[in-house]
Amino acid sequence: MTRLPLRPILLASIGALALAGCGKGTTDQSKEQAVVAKVAAPAGKQWSMTVTKTAEGGYLMGNPDAPIKIIEYASLTCSHCADFSKESHEEIKRDFIDSGRVSLEVRNFIRDPLDAMAAAVAHCSPVDRYFPLQENVFASQAELFAGAQANPKGGEAAMALPPAQRFPALAKAWKLEEFFQSRGVTADQINACLSNVDNISKLEQMTNKGIEQFKIQGTPTFVINGQVAEGITTWGPLRDRLRTMGAR
């Protein structure tokens with residue numbers, strides 16, 4: 001898919017920032033470490049069904065006090081992020097998150113207008129719907145892209161509108177409204193979400209913070225216990241790293 005232009009649609013451009021250093025850790029994550037004990041989930045629950053919204057605006061699945069904490073910076077229009085979602089979906093929950101040893105926090109890193117609007121709708125939904133919606137969007141990227149490419153004139157007309165009208169109009173022109181309605185989000189909920197430009201602005205701020213704090217350059221990027229996992233962009237190497245860190 002041809003990437004849609006980001007700068008004209010957002011409130012502020014994602015520009016050059018005074019970049020801060022990444023989080024410093026004291027443990028060499030590439031070295032074999034002792035096995036980490038499992039942590040029991042609350043009675044009647046699984047850790048993978050425990051989802052909380054973090055102070056940074058991300059969504060955390062699992063034990064909030066897990067000794068191994070993953071942050072994934074992901075874009076809903078990133079094919080590599082979709083591949084990771086498909087490859088890791090069951091195994092990361094069953095073998096790592098449900099053990100209480102590992103938590104996964106997703107922070108959206110927006111790359112284009114379609115990504116920004118889809119992420120905003122997911123963020124406007126109930127907390128327990130965030131991960132199912134994200135996984136479904138990744139699995140349905142072809143449908144998402146086809147809708148966005150079907151009406152270029154409608155998209156151009158929407159771009160000329162003020163921001164509070166622009167995003168709902170783009171959602172209609174690019175069939176994003178139809179896409180999410182088929183997944184249980186009502187048209188009124190989508191319109192209310194996208195009419196509030198602050199919902200887009202917060203995602204832009206999260207993206208800029210990722211660039212500032214961790215020098216994020218692409219998606220997916222994984223941060224484990226405060227350190228960027230250099231060279232790890234797929235499930236296999238991440239799974240191996242978690243096992244090395246004692247989640248085995």
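Biologist: Let's start with β5. Which way do Thr 221, Phe 222, Val 223 and Ile 224 point, and are they buried or exposed?

Modeller: Thr 221 and Val 223 point one way from β5, while Phe 222 and Ile 224 point the other way. All of them are buried. Bear in mind that this is a predicted model.

Biologist: Noted. How many bridges join β3 to β5, and how do the two strands run?

Modeller: There are 4 bridges between β3 and β5, and the strands run antiparallel. Ile 70 is the residue that stands opposite Ile 224 of β5.

Biologist: And what about β5 and β6?

Modeller: Those run antiparallel too, joined by 2 bridges. Ile 224 has Gln 227 as its bridge partner in β6. The two strands form a hairpin with 2 residues between them. In the turn, Asn 225 has a positive phi of about 50°.

Biologist: Zoom out for me. What is the strand order in the sheet?

Modeller: The order is β1-β2-β4-β3-β5-β6, so to speak reading across an open sheet of 6 strands with mixed pairing. At the edges sit β1 (51-53) and β6 (227-228), each pairing on one side only.

Biologist: What does β1 pair with, then?

Modeller: β1 is joined by 3 bridges to β2, residues 59-61, and the two run antiparallel. Thr 52, for one, has Leu 60 of β2 as its bridge partner.

Biologist: Which strands does α1 lie across?

Modeller: Helix α1, residues 79-97, lies across β2, β3 (68-74), β4 (102-108) and β5 (221-224). The helix runs at about 155° to β4. Another helix, α9, also packs on the sheet, touching β3, β4, β5 and β6. The direction of α9 makes about 115° with that of β4.

Biologist: Sticking with α9, how does its axis cross that of α2?

Modeller: The axes of α2 and α9 (residues 198-214) come within 9 Å and cross at roughly 105°. That is why the pair counts as roughly perpendicular.

Biologist: Which residues make that contact?

Modeller: From α2 you have Ala 116, Met 117, Ala 119, Ala 120, His 123 and Cys 124. From α9 the residues are Asn 199, Ile 200, Leu 203 and Met 206. By class, that gives 8 nonpolar, 2 polar and no charged residues.

Biologist: Cys 124 caught my eye. How many disulfides are there in the whole structure?

Modeller: A search of the whole structure finds 1 disulfide. The bond joins Cys 124 to Cys 193, with an S to S distance of 2.2 Å. The partners come from distant parts of the chain, 69 residues apart: Cys 124 is in α2 (residues 113-124) and Cys 193 is in α8 (residues 187-195).

Biologist: What's its handedness, and why?

Modeller: The disulfide of Cys 124 and Cys 193 is right-handed, because the torsion about its S-S bond is about 75°.

Biologist: Are Cys 124 and Cys 193 buried or partly exposed?

Modeller: Cys 124 is partly exposed, since its relative accessibility is 37%. Cys 193 is buried, at 4%. As for other cysteines, Cys 78 is buried at 2%, and Cys 81 is buried at 0%.

Biologist: Changing topic: where does Ala 169 lie?

Modeller: Ala 169 lies in α6, residues 163-173. With a relative accessible area of 22%, Ala 169 is partly exposed.

Biologist: What does Ala 169 touch, leaving aside residues up to four places away in sequence?

Modeller: Ala 169 touches Ala 158 and Leu 161. As for Met 159, the C-alpha to C-alpha distance from Ala 169 is 8.4 Å, and the two are 10 residues apart in sequence.

How values were computed
Residues are numbered from 1 along each chain as its sequence is written. This is a predicted model: local features need pLDDT of at least 70, side-chain atom pairs count only at pLDDT 80 or more; totals for chains, interfaces and linings use all residues. Side-chain values use heavy atoms; hydrogens and water are left out. A disulfide is a pair of cysteine sulfur atoms within 2.5 Å. Buried means under 20% relative accessible area, exposed over 50%, partly exposed in between (1.4 Å probe, protein chains only). Axes are lines fitted to C-alpha atoms, for helices over the stretch in contact, and angles run from 0 to 180 degrees between N-to-C directions. Angles under 35 degrees count as roughly parallel, over 145 as roughly antiparallel, 65 to 115 as roughly perpendicular and the rest as oblique. Contact means heavy atoms within 4.5 Å. Ala, Val, Leu, Ile, Met, Phe, Trp, Tyr, Cys and Pro count as nonpolar, Asp, Glu, Lys and Arg as charged, and the others, Gly among them, as polar. Two strands pair if DSSP finds at least two bridges between them.
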